[in-house]
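User: I would like to learn how the terms used for a structure follow from its atoms. Please take me through some of them.

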Protein chains: 2
Amino acid sequence: MGSLTEENYIKSIYALSQATGEVFVSELAKKLAVKLPSVNSMMKKLGAKKMVSYAPYKGIRLTEKGKKEALSIIRKHRLAELFLVKIMELGWEEVHDIAEQLEHVDSNRFYNRIDEMLNYPKVDPHGEPIPDINGKIFNDKRIPLSGVNEGVTVRILAVSDDKKSFLDHLNSKGLFIGEKVLVKRKEVYDGSVVLTNKSKTDLMLTHQVAERIWVEV
Amino acid sequence: MGSLTEENYIKSIYALSQATGEVFVSELAKKLAVKLPSVNSMMKKLGAKKMVSYAPYKGIRLTEKGKKEALSIIRKHRLAELFLVKIMELGWEEVHDIAEQLEHVDSNRFYNRIDEMLNYPKVDPHGEPIPDINGKIFNDKRIPLSGVNEGVTVRILAVSDDKKSFLDHLNSKGLFIGEKVLVKRKEVYDGSVVLTNKSKTDLMLTHQVAERIWVEV
DNA sequence: TTAATTTGTTAGAAGCATCTAACATTTTAA
DNA sequence: TTAAAATGTTAGATGCTTCTAACAAATTAA
Ligand SMILES: [Mn+2]
Ligand SMILES: [Mn+2]
Ligand SMILES: [Mn+2]
Ligand SMILES: [Mn+2]
């Protein structure tokens with residue numbers, strides 16, 4: 001395990017390279033709120049430690065070692081979030097910031113016990129999969145709510161943003177993980193969608209919100 | 001709140017200055033496993049921040065501000081330890097190292113919730129008092145087991161050492177907080193004591209162990 | 001009460017993570 | 001296909017925490 005800073009770099013590289021397998025220095029700098037030269041230095045260091053493969057002017061990739069490290073941190077983050085919600089009864093909108101700190105706690109006892117108390121859970125409070133102790137991740141097929149056609153009923157699987165402001169917004173709309181919703185209307189002009197669920201009156205979400213909600217048909 | 005390093009200095013200053021109100025640079029250096037000049041630099045910094053009062057070649061004292069900070073960290077440490085024992089069912093011998101990490105978590109929500117779940121507890125798993133949210137500490141009158149006379153029955157209140165090796169030792173002897181024991185014999189030569197409790201056969205403790213156990217008559 | 005010992009300080013350097021300013025490369029657009 | 005824009009690198013500096021080496025003050029013991 002590296003320093004707290006190294007862990008945060010590795011976690012961000014993992015997140016940002018999900019799609020294409022690599023990240024650019026500038027993306028990473030933006031995500032971590034540091035300047036490009038800071039990223040550049042750190043890539044040299046993580047390169048020397050064989051956590052990333054990195055060549056000047058080329059994209060950054062995690063090595064197998066780096067990926068394993070990333071998954072271990074993500075596991076701890078998501079277990080912590082679920083623990084905070086399920087055992088400590090905090091809201092799903094307030095656990096991310098605490099988990100950002102707890103994910104760096106170094107104690108197998110602590111995390112194995114959490115895992116046990118939660119009965120080896122598969123997903124966190126935001127619907128994101130929790131890597132198992134070997135770094136294996138369950139992979140469902142999910143699409144963004146913004147991509148669902150009118151008339152189709154879907155189940156909310158996950159959210160791709162776990163910041164408080166976004167989740168407060170969903171709370172105010174009464175949306176939650178596991179809920180079934182019908183896409184009643186999709187506006188061509190601005191991408192906004194109107195949903196219904198059995199009990200409630202219609203619900204309008206902007207594209208900005210709909211694209212952050214993962215669903216399965 | 002200062003850096004993690006500053007927090008650890010403040011906590012150690014508090015612990016070591018309990019008796020006399022001040023600590024020497026060398027004691028602090030020993031406790032924190034750093035060299036004297038490191039302590040010296042940090043004292044200048046904490047002095048500038050009004051956390052300690054410090055003059056060259058003089059003892060170090062916490063200011064009121066520093067004391068408040070120390071008590072806040074100690075509160076978090078002890079709440080964490082009790083949470084780990086009571087809610088997460090870890091052993092009292094394995095929680096200190098985890099609490100050393102958790103005490104630096106910055107989240108009122110997290111700690112207030114722990115406090116609530118534990119029903120506003122007064123003592124940690126090692127019998128040490130937990131400062132309340134205002135830094136107030138309950139103060140019992142306790143004496144070391146090594147100072148108890150033969151023939152006297154006492155109740156174990158606390159241990160002054162929460163390192164695993166010591167608590168493993170107590171576990172192996174079957175001793176725990178709250179237990180009543182009779183001091184059957186005190187050896188003049190080496191200060192060792194022989195105890196009895198109702199159910200068990202006699203128990204011998206060295207002076208080294210007995211002086212780390214706080215009791216009330 | 002002087003000398004030896006213990007304790008504490010200063011000076012200067014190092015590693016970590018960050019920054020700004022200047023420069024280099026790569027990509028994109030004219 | 002060159003010029004402009006975007007992206008990335010290097011050099012050099014800073015703040016933080018630590019260190020060693022050299023020196024200074026305070027304490028203790030002869
Ligand atoms: Mn999160
Ligand atoms: Mn999450
Ligand atoms: Mn402890
Ligand atoms: Mn304790």
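Analyst: Start with donors: these are N, O and S atoms within 2.8 Å of the metal (3.2 Å for Na, K and Ca), and water is not among the atoms, so sites may look incomplete. In sequence, the donor residues of the manganese ion (ligand 1) are spaced H-x3-E-x14-H-x65-D. Keep in mind that this is a predicted model, where local features need pLDDT of at least 70, side-chain atom pairs count only at pLDDT 80 or more, and totals for chains, interfaces and linings use all residues. Residues are numbered from 1 along each chain as its sequence is written, chains are lettered from A and ligands numbered from 1 in the order in which they are written, and side-chain values use heavy atoms, with hydrogens and water left out.

User: What makes A:His77 (NE2) a donor of the manganese ion (ligand 1)?

Analyst: The distance. A:His77 (NE2), A:Glu81 (OE), A:His96 (ND1) and A:Asp162 (OD) lie 2.0 to 2.1 Å from the ion. The cut-off for this metal is 2.8 Å. They qualify as protein donors.

User: Which residue bridges the manganese ion (ligand 1) and the manganese ion (ligand 2)?

Analyst: A:Glu81 does, and the two ions lie 3.5 Å apart.

User: Why is A:His96 called buried?

Analyst: Buried means under 20% relative accessible area, exposed over 50%, partly exposed in between (1.4 Å probe, protein chains only). A:His96 has 14%, so it is buried.

User: How do you know that A:Tyr54 has a polar contact with DNA strand D?

Analyst: A polar contact is a pair of N or O atoms within 3.5 Å; within protein, one must be able to donate a hydrogen and the other to accept it, and residues adjacent in sequence count only if both atoms are side-chain atoms. A polar side-chain atom of A:Tyr54 lies 2.4 Å from a phosphate oxygen of the strand. That meets the cut-off. For A:Lys44, a side-chain N or O atom is 2.8 Å from a phosphate oxygen. B:Lys35 uses a backbone N or O atom, also at 2.8 Å from a phosphate oxygen.

User: What makes a residue count as near DNA strand D?

Analyst: One of its heavy atoms must lie within 4 Å of the strand. Among the 21 residues around it, A:Asn40, A:Tyr54, B:Ser3, B:Ser38 and B:Lys45 come nearest. Of the strand atoms within 4 Å of the protein, 73% belong to sugar or phosphate, the rest to bases.

User: How do you know that domain 1 and domain 2 of chain A are in contact?

Analyst: Contact means heavy atoms within 4.5 Å. Here 5 residues of domain 1 are in contact with 8 residues of domain 2.
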